[in-house]
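Biologist: Mind if we go through this model together? I'd like to start with the ligand and then wander around the rest.

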Amino acid sequence: MSQSIDHVLQEHRRFPPPREFQSCARLSTEEAYQRMYRESLDDPEGFWGRIARELPWMQPFERVLDWSGAPFAKWFVGGRINASAVCLDQHAYGRRADQRAIVWEGEPGDTRTLTYAELHLEVSRFANVLKRRGVQKGDRVAIYMPMIPEAAMAMLACARIGAAHSVVFGGFSATALKERILDGGCTAVITADGGWRRGQILPLKPQVDEALEGVLGVHTVLVVRRTANRVTWNAGRDVWYHELAAEASTECAPEPMDSEDLLFLLYTSGSTGKPKGIVHTTGGYLVGAYLSTQFVFDLRDGDLFWCTADVGWITGHSYVVYGPLANGATILMYEGAPTTPTPGRFWEIVERHRVTIFYTAPTAIRTFMRLGDEVPAKSDLSSLRLLGSVGEPINPEAWMWYHRHIGRQRCPIVDTWWQTETGSIAITPLPGVTVTQPGSATRPFFGIDAAVVDDQGRELPPDQGGYLVIRRPWPSMLRGIWGNPDRYREGYWGKYQTMYFAGDGARRDASGYFWVLGRVDDVLNVAGHRLSTMEVESSLVSHAAVAEAAVVGRPDDVQGQAIVAFVTVVKGVEPGEALKEALKEHVAHEIGKLARPAEIRFTDALPKTRSGKIMRRLLRDVAAGVETTGDTSTIEDYALLARLRGDEE
Ligand code: PRX
């Protein structure tokens with residue numbers, strides 16, 4: 001890539017915080033924000049030490065930060081804390097005991113509410129079930145669940161006994177689940193018979209069974225009953241949760257964990273084919289999730305906070321479970337699809353439960369835009385006071401629609417930039433302070449020293465596109481990649497040594513606002529989900545008919561990017577519609593439906609440089625149907641480009 005990244009977006013609309021919102025906001029003046037932000041950078045140890053002490057430590061920390069082993073950080077050194085005690089015990093034994101912790105709605109319309117006292121009890125029970133099955137401190141447990149309260153309980157139960165969880169999104173295939181179970185060395189799996197999705201049962205147990213074929217290290221599959229469909233049973237290994245829970249005690253002391261003990265692994269895609277197990281530890285992660293939830297979402301007593309993300313993603317970890325519960329908030333959890341059984345299901349939920357804070361992804365917003373303005377207009381959305389967006393750059397059109405049709409021009413929008421790796425929100429407006437602009441995540445959160453730099457690491461002047469970096473450690477940062485410290489060092493710190501490189505391009509404008517431009521590596525962002533081009537390519541090539549494959553993203557109105565695969569077939573195979581379908585199915589089976597290519601194009605060859613590197617840049621242009629403006633002089637077979645384009649007709 002050249003020195004700077006081109007940007008075309010120019011956006012001048014500005015939205016100051018609505019006065020009504022500001023008048024009771026946690027932080028409501030620019031001076032107050034500046035003071036806190038400056039303190040967080042000038043005296044990070046003082047700042048983070050003070051914030052961290054707001055959490056209930058079982059043993060106080062001796063030191064705020066040890067960066068001597070950079071880029072491997074240690075935060076709150078010597079401290080002992082338990083994530084489930086932070087999220088539950090302090091509230092269950094305090095004034096929030098009878099406050100609702102979880103308000104849940106299943107897709108068929110069933111509901112369930114758990115107070116902090118009840119959730120505390122259920123999580124303790126769950127923890128005892130895990131113990132009874134031999135799960136111990138230090139073990140890793142895979143969680144493959146629908147969005148039911150037991151998903152959150154399972155995570156917190158692991159944390160309670162000091163086992164790390166590795167949540168795998170229920171939409172991932174058996175193959176993807178297996179890869180993650182093996183890489184993480186998981187010894188138990190928590191799943192359900194199924195979950196409801198679009199009026200159908202999404203079966204989970206068969207995927208687990210397939211994933212565990214030939215896997216010797218997993219001694220227990222704990223199955224939560226949700227859909228009551230028939231499941232196959234592997235006696236000795238499989239156990240029903242409700243059967244063990246009936247006999248389990250509801251008392252379980254939380255394990256005092258070292259601040260740097262592993263809290264969870266969460267797999268995400270990088271530019272190579274193999275998913276990375278992102279390592280998050282206990283103390284720093286909790287502090288980051290706690291503080292960001294409080295300030296970015298301006299939490300107040302009485303709020304009902306709905307983050308629509310699945311617990312299989314980092315957003316579900318930090319803003320469904322750990323951040324809100326650490327703050328004693330009430331969360332809303334919904335099991336199913338946004339448009340089942342009616343296109344207005346989300347807005348009916350907002351109205352029914354009086355949701356006050358709503359946090360979702362741009363791809364969902366664009367889907368709602370397509371369904372028509374009249375859909376949200378049918379619901380009373382007056383309970384909403386704050387909206388959030390996450391997962392990919394939000395286009396100004398979607399931002400404005402969100403503002404008008406959901407926020408009814410009363411609610412600030414926080415466009416939050418962060419990553420699985422950052423653990424918590426890193427660039428964001430603060431809703432009582434920041435003047436927002438559609439398409440900008442605005443300014444860094446407390447303690448985040450973000451910048452836009454060129455190839456050499458020099459900070460760029462305003463309005464020049466470059467690489468987004470963070471120049472110092474922060475508490476909820478990843479601590480590494482599971483089992484692969486070198487990949488961590490090289491992947492995130494290799495480019496600039498002293499700065500964390502996030503993989504995104506951005507520009508910063510003259511007022512200091514960040515405009516994130518998207519990924520600069522071979523990572524796709526499909527409907528807010530990260531997928532590596534290599535991952536999809538290797539899955540295609542694993543099909544017997546495929547000789548070679550190259551995958552690129554094409555701009556897509558709803559999903560952000562759609563996957564286009566260029567495929568060459570092996571000799572003797574007839575490329576045709578049937579094969580296209582078979583290949584799409586194959587990828588969906590290997591990785592999950594979220595990776596299913598939108599389009600397969602057969603070609604007799606792939607454009608390569610003379611050194612044999614696939615020129616994805618050209619393929620991206622071909623896929624998007626735009627002229628190639630970049631340098632094509634290194635292409636080995638120039639005529640191929642014309643053939644690829646000719647294919648389009
Ligand atoms: O490219 C950025 C994009 O999502 C990537 C992180 O993906 P993941 O680890 O799956 O986490 C998603 C939820 C935090 C980033 O590198 N991204 C996320 N939020 C935004 C964004 N791009 C632009 N604006 C955002 N608000």
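Modeller: Sure, and one term to begin with: a polar contact here is a pair of N or O atoms within 3.5 Å. Keep in mind too that this is a predicted model.

Biologist: Which side chain has an N or O atom 2.7 Å from a nitrogen atom of the ligand?

Modeller: Start with the 17 residues around the ligand, where D415, T416, T420, D504 and R530 come nearest. For a polar contact, the two atoms have to be within 3.5 Å. The side chain that puts an N or O atom 2.7 Å from a nitrogen atom of the ligand is that of D415.

Biologist: And how far is the polar side-chain atom of R530 from an oxygen atom of the ligand?

Modeller: Two residues are worth a look on the oxygen side. T420 has a polar side-chain atom 2.6 Å from an oxygen atom of the ligand. For R530, the distance from a polar side-chain atom to a ligand oxygen is 2.7 Å.

Biologist: How much of the ligand's exposed area does the protein bury?

Modeller: Picture the ligand by itself, exposing 540 Å². Put the protein back, and the share of that area it buries is 96%.

Biologist: Which helix and strands each supply at least two residues of the shell?

Modeller: By residue type, that shell splits into six nonpolar, six polar and five charged. By element, the ones that each give at least two residues are α11 (314-326), β20 (413-416) and β25 (514-519).

Biologist: Moving on to empty space, how many charged residues line the largest cavity?

Modeller: There are four cavities of 30 Å³ or more, and the largest has a volume of about 70 Å³. It is lined by 13 residues, with S424, I425, F445, I448 and W474 closest to its centre. Sorted by type, the lining has eight nonpolar and five polar residues, and the number of charged ones is zero: no charged.

Biologist: How does the lining of the second largest pocket divide?

Modeller: That pocket has a volume of about 220 Å³. Its lining is made of 17 residues, and R96, R300, D301, G302 and G328 lie nearest its centre. The split is three nonpolar, seven polar and seven charged.

Biologist: K274 forms a salt bridge, but with which residue?

Modeller: The structure holds 48 salt bridges. This one links distant parts of the chain, 91 residues apart, with K274 in the loop between β14 (262-268) and β15 (276-281) and its partner in helix α7 (residues 174-184). The closest N and O atoms are 2.9 Å apart, and the partner is D183.

Biologist: Where are the cis peptide bonds from A70 to P71 and from T340 to P341?

Modeller: Most peptide bonds are trans. The A70 to P71 bond is cis with omega near 5°, and the T340 to P341 bond is cis with omega near -5°. P71 sits in the loop between β1 (63-66) and β2 (74-77), while P341 is in the loop between β17 (330-334) and α12 (345-353).

Biologist: Last one: what is the phi of A228?

Modeller: Most residues other than glycine have a negative phi. A228 is in the loop between β11 (220-224) and β12 (238-240). Though not a glycine, A228 has a positive phi, near 60°.

How values were computed
Residues numbered from 1 in each chain as written. Predicted model: local features only at pLDDT ≥ 70, side-chain atom pairs only at ≥ 80, totals over all residues. Heavy atoms only, no water. Near = heavy atom within 4 Å. Polar contact = N/O pair within 3.5 Å; in protein donor to acceptor, adjacent residues only side chain to side chain. Areas by Shrake-Rupley, 256 points an atom, 1.4 Å probe, with all protein chains shown as cover. Helix = DSSP H or I, 4+ residues; strand = E, 2+ residues; numbered from the N terminus. Nonpolar A, V, L, I, M, F, W, Y, C, P; charged D, E, K, R; others polar. 1 Å grid on protein atoms, 1.4 Å probe; cavity = no way out; pocket = protein on both sides within 12 Å on 5 of 7 lines; lining within 4 Å. Points joined across faces, edges and corners; volume = space filled by probe spheres on them. Salt bridge = Lys/Arg side-chain N within 4 Å of Asp/Glu carboxyl O.
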